[in-house]
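This report walks through a protein chain for a reader who is new to structures. Please keep the model open beside the text, and look for each element as it is named.

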Amino acid sequence: MFDGLLAFGHSIASFLTPESLFWVALSTLVGLVIGALPGLTATMGLTLMTTMTLKLESNLALLILICTYVGAIYGGSRSAILLNIPGTPASAAACLDGHQLARKGLAGQAMGIATSGSVLGTLIGMLFLAWFTPILGEMALKFGAYEFFWLALFGVVISGTLTGDDPLKGWIAGVAGLFVAGIGQEAQFAYERFTFGNRDLAGGFGLVPALVGAFGLAELLVSIKDRQAPVAINPFDSVIPRLADILSHWKTIVRSGCIGTFVGIIPGVGEDVAAWSSYAAAKRASREPEKFGQGSIDGLMAAETGDNAAVPGAVIPVLTLAIPGSAPAAVLLAAMLIHGVRPGPLIMVEAPQFVYDVVAMMMFATLGILFYGLTLTRFMIRVLQVPKTIIVPIILVLCTIGTFALAGRLFDVYVMVGFGLLGFVLRQFNYPMAPLVLGIVLGDLLEKNLRRGLVLSEGDLTPFVTRPISAVLCAVIVLVVLFRFEWMRRLARRVLRRGAQA
């Protein structure tokens, strides 16, 4: 314990130089801007920054990349709260309550709460990264193809219960997302499905174009249709949340931080699933679940704490197993290899100091988002006062440019427009967008692991329900579905009442 603290102190001291602090400030700001702009993801930001840091010393280059990573995941909540457009997939859950608070004139409070959750979530993830890296890395190895299949299905089922009053509509939207994820060439034999001979469809629908369309363009169309009045910003709306307000949500913070870190550790899941899982847990534990989606501070805190805790969580398997926990972490792993760092099971033997260097990098990135979150918020909430005749065309152009910039394909722009129109129509019938997008996110994970599991078991389905973790996940999914129906809740209450009488 003492040796670890000493090594951590040495890491902090090594970064307390003018050059390092300058790069912390600059790279965190760059990450925040990348995360806030619709269509620009943390993965893209890290990829671009990796090419710009090839000539730098390894620790300084990785400091820049980690600050960009943390800043981008945090920055997505800015546009999510102000415009109801998630800057990154991880911030989609923040739209549900963050934008509702902004519509009520509480944009400053919402952004302050999001900043607090992001900072505390990253700090919780840092503790796990520093103290439990070997243990949590070993836990991730216990998840095989069978467990990943149920985990992906669990994400879709949970997302269907989070928004709206009718879970059936949420599940329909989630299944539709899984169907959309299946369009294009399948992974094993490149067989084309539902492409109708179109070469663009053979590559499938990109996540970012679908996300920007379903959330961004659909939101613009709804805004134009409803002719909403400009938001009045409360002059007494505090950007800096009171300590008492933060402490009142300590259970949500701790729970979401632990969930986010654990989800981040699981390879291939990512920050978006961490946000939704944390949000679902907070809603189930809340005494006022009906407020979720209507401007719940607890919901916003859970989402932002969960997705930011997943960032250090995703780095844990990178360091201990050389397996990325998310897409941005995969870029970070490649950058480590480029700069001569050999992550893997032997890193605590060969380069134990580097682990504490990464923890220190996370801490400086956290201080960066705290500084920018409290100093730039009053400037950013002025976006709400811009007339819609000005801001709608600007946002539409940004969405189009961000979508086209991903791969330089006009087809991605068509996808964005298509999902925007689909999202607009579905919103008119009260179908939620979040399960649709999450279904697209998890569709690839679900299909690949279903195939892999069937290959490993030679077509036998029993391992999907007999392995301990698989059996638990399967049982949880069944219970979640059943208990969303009133007749099942009545039956459960009747059984419990008879048990108490006996």
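In this predicted model, helix 15 (residues 297–321) and helix 16 (residues 327–338) pack at an angle of about 35 degrees, with their axes 10 Å apart. Here axes are lines fitted to C-alpha atoms, for helices over the stretch in contact, and angles run from 0 to 180 degrees between N-to-C directions. Helices (H or I, at least four residues) and strands (E, at least two) are DSSP runs, numbered from the N terminus. Helix 15 passes helix 16 in a right-handed crossing; a crossing is right-handed if the near helix is turned clockwise from the far one by less than a right angle, and left-handed if anticlockwise. In this pair, A314, V315, V318 and L319 of helix 15 meet A329, L332, L333 and M336 of helix 16, where contact means heavy atoms within 4.5 Å. By class, this contact has eight nonpolar, no polar and no charged residues. Ala, Val, Leu, Ile, Met, Phe, Trp, Tyr, Cys and Pro count as nonpolar, Asp, Glu, Lys and Arg as charged, and the others, Gly among them, as polar.

The model is predicted, and local features need pLDDT of at least 70, side-chain atom pairs count only at pLDDT 80 or more, while totals for chains, interfaces and linings use all residues. Residues are numbered from 1 along each chain as its sequence is written, and side-chain values use heavy atoms, with hydrogens and water left out.

A second pair is formed by helix 6 (residues 107–131) and helix 13 (residues 250–265), whose axes come within 9 Å and cross at roughly 55 degrees. That makes helix 6 oblique to helix 13, since angles under 35 degrees count as roughly parallel, over 145 as roughly antiparallel, 65 to 115 as roughly perpendicular and the rest as oblique. Helix 6 passes helix 13 in a right-handed crossing. On helix 6 the contact is made by L120, I124, G125 and F128, and on helix 13 by I253, V254, G257, C258 and T261. By class, six nonpolar, three polar and no charged residues take part in this contact.

T115 also lies in helix 6. With a relative accessible area of 1%, T115 is buried, where buried means under 20% relative accessible area, exposed over 50%, and partly exposed in between (1.4 Å probe, protein chains only). Not counting residues up to four places away in sequence, T115 touches Y74, R78, I369, L370 and G373.

Ten of the twelve residues of helix 5 are buried, so this helix is largely enclosed by the rest of the structure. Among the buried residues of helix 5 are D97 and H99. Just after helix 5, G105 takes a positive phi of about 85 degrees.

Most residues other than glycine have a negative phi. Two loop residues that are not glycine have a positive phi instead, and the table sets them side by side.

| Residue | Phi | Loop between | Relative accessible area |
|---|---|---|---|
| F194 | about 55 degrees | strand 2 (192–193) and helix 10 (199–202) | 47%, partly exposed |
| N430 | near 65 degrees | helix 21 (410–428) and helix 22 (434–456) | 60%, exposed |

Turning to the chain as a whole, there are 25 helices and two strands, and buried residues make up 55% of the 502 residues. Residues 24 or more positions apart account for 78% of the contacts in the chain with a separation of 6 or more.
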